[in-house]
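Me: I am new to reading structures and would like a close look at a single part. Please take me through the nonpolar patch on the surface, and then show me what surrounds it in the chain.

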Amino acid sequence: MRKRIILGLLIAALMLPAPAAGTELGLTSYPDGIENFFAGAFPPPGFYFQNYLLFYKADQFRGGPPNPKAFIFAEVLRFIYSSKIKILGANWGTHLVVPLVYTDLNSEVPGFIIADDRRFGFANTAFDPIILAWHFGEFHVTSALEIQFPGSYNRNNPASPSRNYFTFEPILAFAWMPKWGLGINVKMMYDFPTRNNEPLTITGARDHYHSGQAFHFDYCVDYAVLPNLRLGAAGYYYTQTTGDTADGVKIGFHGREFAIGPAIKYDYGRFSFCVINQFEMAALNRPEGVRNWVRIWYAF
């Protein structure tokens with residue numbers, strides 16, 4: 001069974017970090033690296049819309065079988081409401097994230113194709129019923145509890161855009177943005193995945209698969225070179241804190257990864273445009289590739 005799990009690890013992990021599209025075998029259902037500029041500072045009261053575009057390509061898997069290939073395109077719609085209602089001195093807000101994902105993956109060893117699959121559909125939708133944002137001049141603190149719901153899934157399709165389980169994710173974010181132009185943002189998260197009672201057949205699990213818990217954070221360090229232009233570096237760190245289980249048997253697979261890359265943000269009227277290029281490294285039991293993000297923000 002463990003050999004089948006190892007083969008499944010490659011395939012399931014390749015579907016990875018599409019926005020709100022988690023994987024089995026311990027990978028987070030949150031799209032690591034998606035938050036960067038102002039990640040710790042929830043916006044002022046009002047309605048906001050964000051459109052994220054992700055282009056991801058990976059051809060390495062640290063700790064798994066050779067010759068993985070994956071391409072992922074995702075369009076993520078995020079709807080944000082920030083209110084004037086005060087709870088514990090913080091502004092209350094909420095958001096809804098709806099991702100559409102196309103996944104193309106392939107893996108083979110000489111003379112044997114492990115998987116060749118392409119799928120399009122909804123990844124895990126995310127909803128935050130309670131976002132609390134405190135503002136202390138240059139310092140900002142945001143806390144939230146995000147719930148991620150399953151989307152398009154079929155246990156016979158390794159490229160399914162979503163995983164068949166919920167994830168409960170407490171969030172704590174910080175921002176320091178002094179008037180002289182520096183920006184430091186960190187968004188910390190901890191994942192509590194529920195059990196998947198219809199695991200991917202390629203994992204070898206029959207009745208259920210339970211991904212391990214994980215701690216991860218997005219970060220961004222930037223500087224305002226012009227009033228409407230910020231340049232910096234952004235990325236993420238991910239580490240799995242508990243192992244996976246398949247049919248009640250502990251199988252491990254503690255994942256780890258770090259990413260960093262250049263980031264640029266340009267403001268024009270009610271619009272903000274961000275472009276981020278992230279290079280993954282130091283991976284363990286995770287795919288390793290390059291993520292290219294484009295984010296468009298509109299304030300109503």
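Reply: Phe79, Leu96, Phe127, Leu145, Phe149, Phe166, Phe168 and Phe192 make a nonpolar surface patch of about 660 Å². A patch is made of residues with over 30% relative accessible area and no salt bridge (a side-chain nitrogen of Lys or Arg within 4 Å of a carboxyl oxygen of Asp or Glu); nonpolar side chains, which are Val, Leu, Ile, Met, Phe, Trp and Tyr, are joined within 5 Å, and like charges within 9 Å. Accessible areas come from the Shrake-Rupley method with a 1.4 Å probe, and for residues only the protein chains shown count as cover.

This is a predicted model, where local features need pLDDT of at least 70 and side-chain atom pairs count only at pLDDT 80 or more, while totals for chains, interfaces and linings use all residues. Residues are numbered from 1 along each chain as its sequence is written, and side-chain values use heavy atoms, leaving out hydrogens and water.

Within the patch, Phe79 lies in strand E2, residues 68-87, strands (E, at least two residues) and helices (H or I, at least four) being DSSP runs numbered from the N terminus. Phe79 has a relative accessible area of 41%, so it is partly exposed, a term for values between buried (under 20%) and exposed (over 50%).

Turning to the whole protein chain, it holds 1 helix and 16 strands, and 54% of its 300 residues are buried. Its accessible surface comes to about 12,700 Å², with 67% of that belonging to carbon and sulfur atoms.

Technical notes: Buried < 20%, exposed > 50% of the residue type's maximum accessible area, 1.4 Å probe, protein only.
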